[in-house]
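Student: Please take a close look at one strand position and the packing around it, and then place it in the rest of the chain. Keep the cut-offs explicit.

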Amino acid sequence: MAGIYIHLPFCSSFCLYCDFYSEIKGRVQHRRYLDALKSEISERVDFFAGVFPDTIYMGGGTPSLLDAEEIADLADVVRNAFGIKILHEFTLEANPDDVTPQKLEGWRRAGVDRLSIGVQSFCDEHLVWMRRRHTSAQAIKAFIRAREAGFNNISLDLIFGFEGLSDEQWRDNIAQLTALSPEHVSCYQMSIEPGTELALLADSDHYHEPPQEICAAHYSILQQMLEQAGYRQYEISNFAIPGRESIHNSSYWERVPYLGLGASAHSFDGRSCRCSNIADMKSYIGAMEGNVSLKIRNDEILSEDDKFNEQIMLGLRKVAGLSLSSLENSRLAKIKPVLEHLTSTGDIISEGDIIRIPKERLFVSDGIMQQLFL
Ligand code: SF4
């Protein structure tokens, strides 16, 4: 298994809470960026060293803002460069307001077989507050259109954990989502990230994060309602109809190699090197156009302790947990006493070779994992 991630950092406007690297489309020459991406692809053809990547994920930003022909062209360049014959998953992130029958048809022709649609909420009042560009009705229409166009693998995103979201509104959001029966659901808790409009509101006392007990209760409602609707949770923020778990995203938690292309994209060689591209389109394009003074890639070589901590952190994100025999012995011995303590408190369940965090404690998983870090 190996995957390719392509970052398409263009948005029509910025959402209140978002800190992903993106630029307003139109203010930058997106064609130059696409050419730069192609240059990076040809530069990185040896990344996988004999392994054929089998997933492509185009994220952003808002990849659905681009023309379907541009998506198809990029996908062709990737397929040819990496010798991809079979793709097990090709995901495109789409915003509901971009989902037209023409684009859907173009995405299908490009080989996209999975859509990840950023719904975030079915409450118009909340969508306006979040600065989303779509309404609840548009989100539903986008989903129906995608189905009509033949997409049978669709993921919908929701956000919870923000001020003003009542229990009833949250239940209604989940009920509206399950009524559509997407194959996959990703759900994230809103957080205040530096540099966002939400951070400014919080700094000026115009926004207050809800108490963690409320967020925990909403997370629990989500787990229960999705389970009742036939979804299986497989990761802290991800749920799927059995067999429809995201192959590409799973590669992040399985520590298999993935190559991130584009400004701000991250890569991992599957062993000990993580690298990140600069989150600046001008520098990225400049470097790819031949300006050798611009350094766009930053490599981080993981120490053995870093690798161990990563295995703990990524493995315990998964509901299936982590195999103890995959951990290095001397380091495992060091954390044994903490592990025994966490098992005695019920924070960790130990079943033979497997350790995992029980679903009812996944909401506080960060704190549990940190206790196991070296
Ligand atoms: S959430 Fe998506 S659409 Fe909104 S600003 Fe971030 S990348 Fe753009």
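Tutor: The answer starts with one residue and works outwards.

The model is predicted, so local features are given only at pLDDT of at least 70 and side-chain atom pairs only at pLDDT 80 or more, while totals for chains, interfaces and linings use all residues. Residues are numbered from 1 along each chain as its sequence is written, and side-chain values use heavy atoms, with hydrogens and water left out.

The residue is L156, which sits in strand β7 (residues 154-160). Strands here are DSSP runs of E with at least two residues, helices are runs of H or I with at least four, and both are numbered from the N terminus. L156 has a relative accessible area of 0% and is therefore buried. Buried means under 20% relative accessible area, exposed means over 50%, and partly exposed is in between, with a 1.4 Å probe and protein chains only.

With neighbours within four places in sequence set aside, L156 touches I117, V119, F143, L177, L180, P182, H184, V185 and S186. Contact means heavy atoms within 4.5 Å. For scale along the chain, A139 is 17 residues from L156 in sequence, and their C-alpha atoms are separated by 9.6 Å.

Two residues with unusual backbone angles can be placed against that contact list. Q120 belongs to strand β6 (residues 114-120). Its phi is near 70°, a positive value in a residue other than glycine. Q120 is buried because its relative accessible area is 8%. S181 occupies the loop between α6 (167-180) and β8 (184-189). It also has a positive phi without being glycine, near 55°. Since the relative accessible area of S181 is 43%, this residue is partly exposed.

V185 and S186 lead on from L156 to another position. Both are contacts of L156, and both are contacts of S237, together with C187, Y188 and R317, again leaving aside neighbours within four places in sequence. S237 lies in the loop between β9 (232-235) and β10 (238-240). Its relative accessible area is 10%, so it is buried although it is a loop residue.

Aromatic packing comes next. The structure holds 13 aromatic pairs. In the pair Y258 and F268, the ring centres are 6.2 Å apart and the planes are at 50°, so the pair is tilted. Y258 is in strand β11 (residues 258-261) and F268 in strand β12 (residues 266-268), so the pair joins parts that are 10 residues apart in sequence. Rings of Phe, Tyr and Trp (its six-membered ring) pair if their centres lie within 6.5 Å; planes under 30 degrees apart count as stacked, over 60 as edge-to-face, and the rest as tilted. Y258 and F268 are both buried. Separately, F160, W170, Y219 and F363 form one aromatic cluster.

Helix α10 (residues 281-288) is mostly covered, with seven of its eight residues buried. These are M281, S283, Y284, I285, G286, A287 and M288. Their cover includes β2 (10-11), β3 (23-24), α1 (30-43), β13 (273-277) and β14 (297-301). Just after α10, G290 takes a positive phi of about 110°.

The ligand has a shell of C11, S13, F14, C15, Y17, C18, G61, T62, N95, R132 and R133. A residue counts as near a molecule if one of its heavy atoms lies within 4 Å of it. The shell divides into five nonpolar, four polar and two charged residues. Ala, Val, Leu, Ile, Met, Phe, Trp, Tyr, Cys and Pro count as nonpolar, Asp, Glu, Lys and Arg as charged, and the others, Gly among them, as polar. Within the shell, G61 belongs to the loop between β4 (55-60) and α2 (68-82). The peptide bond from G60 to G61 is cis, with omega near 20°.

Last, the whole chain. The protein has 13 helices and 17 strands, and 52% of its 374 residues are buried. Of the contacts between residues at least 6 apart in sequence, 70% join residues at least 24 apart. The radius of gyration is 21 Å, which agrees with the value near 21 Å for a compact globule of 374 residues; the radius is taken over C-alpha atoms, and the rule is 2.2 Å times the number of residues to the power 0.38.
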